[in-house]
Amino acid sequence: MYILGINAYHGDAAAALIKDGRIVAAAEEERFNRVKHCAGFPAAALRYCLAEAGITIEDVDHIGISRDPSAHLHKKVLFAAKRLSQIAASSSRVEFAQTSVHHRDTENTEDAQRKSETPASPNQPNGNGRASGIFRQIKDRLGNAAKVRDLKDDVARALGVSKNSIRAQFHNIEHHRAHLASSFYVSPFYRAALLSIDGFGDFISTMWASGESNAIDVLGQVEYPHSTGIVYTATTQFLGFPHYGDEGKVMGLAPYGKPRFMNEFRDIIRTEERGQFRLNLDYFRHHSEGVDMTWDEGSPIIGRIFSDAFAQTFGPAREPGAALGDRERDIAASLQQRLEEVGFHILNHLHEETGLTDLGLSGGVAYNSVMNGKILLNTPFRHVYVQPAAGDSGTALGVCYEINNSILKRPRGEVMLGAYTGPEFSDEEIRAELERRELVFKTYSDGEVTRHAAQDIADGLVVGWFQGRMEFGPRALGNRSIVVDPRRADMKETLNQRIKKREPFRPFAPSILEERTADYFEQDHPAPTMLMVYQVRPERRGEIPAVTHVDGSGRLQTVSREVNPRYYQLISDFEKLTGVPVVLNTSFNENEPVVCTPAHAIDCFLKTRMDVLYLGNHVLRRKSEK
Ligand SMILES: [Fe+2]
């Protein structure tokens, strides 16, 4: 039985396909169309999934999408009605909308960015700003509902087939149920507590549950407009990082600051009984005036979420590109600490309610690897499974398993330990691409390739490492990676100058042989998808300076032979040469989506100052190198 899952009309559009409960393929659309965090419909990812399975859409039995416009409809209507009556009661205050929630056609990212900075477009109706904002939010949701209903049309169009050729049954899976399913049904747990912690999806920001065998029992949720993800995104914007997905930059900035604004952030987001929390809505605009959000083709654009209360409390917002000072660092530190407090508040309640010590974690906020790494220290949970595509792309996979297990009650079969579910290319395909470009390359045997690469890394070269199936989710895990020597303190600067061009305060991450984790880190719970940050043992920090952050932490990937044998061998060979079972691993890209094909990898190699590129068993070197 084939089940196809789709995340569409939202950031990180993706498709996933399972067969008889096992993953055949899962990938984000951005890897194919090269538009970061691409929203819209994942046409190329869908075609890839079917091609990987060697089937056509006629063979697919069920198709689902991770949205359900009918979910919580009464709450949406009640919320809108309440807001409108509040606005009517204060109608003496006439404010004109600066922005509103609606969809716009975006020809390209730059243009979309320009548009998002433009005040209300002239073709939008004027009037009371907040009222029109609410009306537009309703219109937006109806628009999304219509799109979801058109899913069959979009699938047919993407594949160039008639709608009548699709015999599959269609399902709308509520957004957070898809997140929860993605972190449970492919986890190693038969029973587990589950938390989806997020911005928003289907009017909910946070949902927790207990999972057992083939069922997920929802125990609690936090509704719009209250959201930890919204607090993080709003503060990220205030700190001058306006792009979708910039929250990770603020997480990287936080360790440079002191959390001297805890009182302020405890007022901005307040915890309540039974795992609940609420925002002080004075600080936000998303619930009242509406906020620009573009989910059409292209990178998502989110307008300004924070209100003027942020400036009243913290001073003026930082302009993008302006110098970062102590204030920005301290705000980031306070935000991060408050997020952790709220996260542990929810998790401790979830443990109390379920009595369970195994946890499945998902949702966009589950990308906060600093918070994740502290869960075992601050809650009774003992084992944590973080879905590698914890954000919205992973809901495509969650949809497949919600249908397979919760709905169809079919047996569980897959434990997803890695994230290697994307396209792969044979040595013959890679050779053909190299020859087509008339590039000079060498070919090694399986045993030789990791030994040569390990030597290159130890020699201080910047090594492109393109192997096997592409990763699902944001982290490169040793198949689409750039790998360098973590012992060299200057490697961070070298990578930034020559390839990545990232802000200097952002850390680079270590990959370590799983069984050596405790030798280098203060915790050793496996982190195979690089979604946990632990403290590097103080005595080891000087040994691996390029992957030790300013606070002594590292966002590690634990690598086992079972999950990724070739990458494991590479690090083992590096250890034989150097005595250090750690390499620095950063994603294979230059300010673009992670490379997918050999052609992307070669393009990136040629346009950056990477020294050597391993593509399967083939090796391409810069002429100046050996
Ligand atoms: Fe989500």
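In the next few minutes I will talk about an iron site and a sheet in this structure, which is a predicted model.

Let me begin with the metal. The iron ion has as its protein donors H175 and H179, each through NE2, together with D198 and D392, each through OD, and these lie 2.0 to 2.3 Å from the ion. If you follow the chain, you will find these donors with the spacing H-x3-H-x18-D-x193-D. Two of them show how the site links distant parts of the chain, since H175 sits in helix α7, residues 175-184, while D198 sits in strand β6, residues 191-201, and the two are 23 residues apart.

Are H175 and D198 buried or exposed? H175 has a relative accessible area of 4%, so it is buried, and D198, at 5% relative accessibility, counts as buried as well.

As for the geometry, the angles among the four donor atoms run from 90 to 164 degrees, and the site is classed as irregular. For orientation, the ideal angle for four tetrahedral donors at a metal is 109.5 degrees.

Now, strand β6, which carries D198, also takes us to the sheet. This is an open sheet of five strands, in the order β8-β7-β6-β13-β14, and its pairing is mixed. At the edges are β8, residues 215-223, and β14, residues 383-386, each of which pairs on one side only. From one strand to the next, the twist averages 20 degrees.

Finally, please look at β13, residues 358-362, which runs parallel to β14 and is joined to that strand by four bridges; here you can find G360 standing opposite Y385 of β14.

How values were computed: Residues numbered from 1 in each chain as written. Predicted model: local features only at pLDDT ≥ 70, side-chain atom pairs only at ≥ 80, totals over all residues. Heavy atoms only, no water. Pairing = 2+ DSSP bridges. Axes fitted to C-alpha atoms, helices over the stretch in contact; angles between N-to-C directions. Donors = N, O, S within 2.8 Å, 3.2 Å for Na, K, Ca; no water. Tetrahedral: all angles 85-135°; square planar, octahedral: opposite > 155°, others 65-115°. Buried < 20%, exposed > 50% of the residue type's maximum accessible area, 1.4 Å probe, protein only.
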